[in-house]
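User: I am new to this structure and would like a short tour of its charged side chains. Could you show it to me, please?
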Amino acid sequence: MFDMLVNLNDDSVFNNLVINSAVPDEDRYRIVRTPGILGDAVADFVRSEFGGFWASETRRSLYSTPSDSYVALLDGRVVGFCAFNATAKAFFGPTGVHHDHRGKGIGRILLINALLTMKSEGYAYTIIGGVDEAAEFYERSVHATRIEGSELHSVYTHMGISF
């Protein structure tokens, strides 16, 4: 796994984009900055779908007010999430969408919402940590570039965590 860098000042990424609260052509889905009342539901979803490490990172993002997390809801049920500033400042992730709801643009909307929020809070760059098979998605969606050497010197390695 390696890290990727996103330039939040790249106007070609964010040109004409605004924070979305709905998935195009799917009016039953809602994307919201995670309110505290949904914290346990989001952490439980992440743990059951993606495991304990991701649940711990996500729970950390929920402790901020407002949270450093967005959630995708379908008829009030959690079907996707993203966290930022969880493992380290300026980091995006973890993020995931339930397999039954992939391919609808939910992941991209979660990503864009988080990055626009980070940009509005003064960040110039964001690091997407621990990327593997999602690299093409991040390159295509937000022009993320691989950080050379990050597979050897990641924030996780310095914490004594290996995957």
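Analyst: The turns below take up salt bridges and then one buried residue. This is a predicted model, in which local features need pLDDT of at least 70 and side-chain atom pairs count only at pLDDT 80 or more, while totals for chains, interfaces and linings use all residues. Residues are numbered from 1 along each chain as its sequence is written, and side-chain values use heavy atoms, with hydrogens and water left out.

User: How many salt bridges does a search of the whole structure find?
Analyst: The search finds five, a salt bridge being a side-chain nitrogen of Lys or Arg within 4 Å of a carboxyl oxygen of Asp or Glu. One of them joins Arg33 and Glu121, with the closest N and O atoms 3.3 Å apart.

User: Where do Arg33 and Glu121 lie?
Analyst: Arg33 is in strand 3 and Glu121 in the loop between helix 4 (106-120) and strand 7 (125-131), so the pair ties together parts 88 residues apart in sequence. Helices (H or I, at least four residues) and strands (E, at least two) are DSSP runs, numbered from the N terminus.

User: Now Asp3: which side chain of opposite charge is nearest?
Analyst: That is Arg146, 9.3 Å away; Asp3 is buried yet has no salt bridge. Buried means under 20% relative accessible area, exposed over 50%, and partly exposed in between (1.4 Å probe, protein chains only). For charge, Lys and Arg count as positive and Asp and Glu as negative, with His and the chain ends not counted.

User: What lies 3.0 Å from a polar atom of the Asp3 side chain?
Analyst: The backbone nitrogen of Gly130 does. Asp3 itself lies in strand 1 (residues 2-7).

Definitions and conventions:
Polar contact = N/O pair within 3.5 Å; in protein donor to acceptor, adjacent residues only side chain to side chain.
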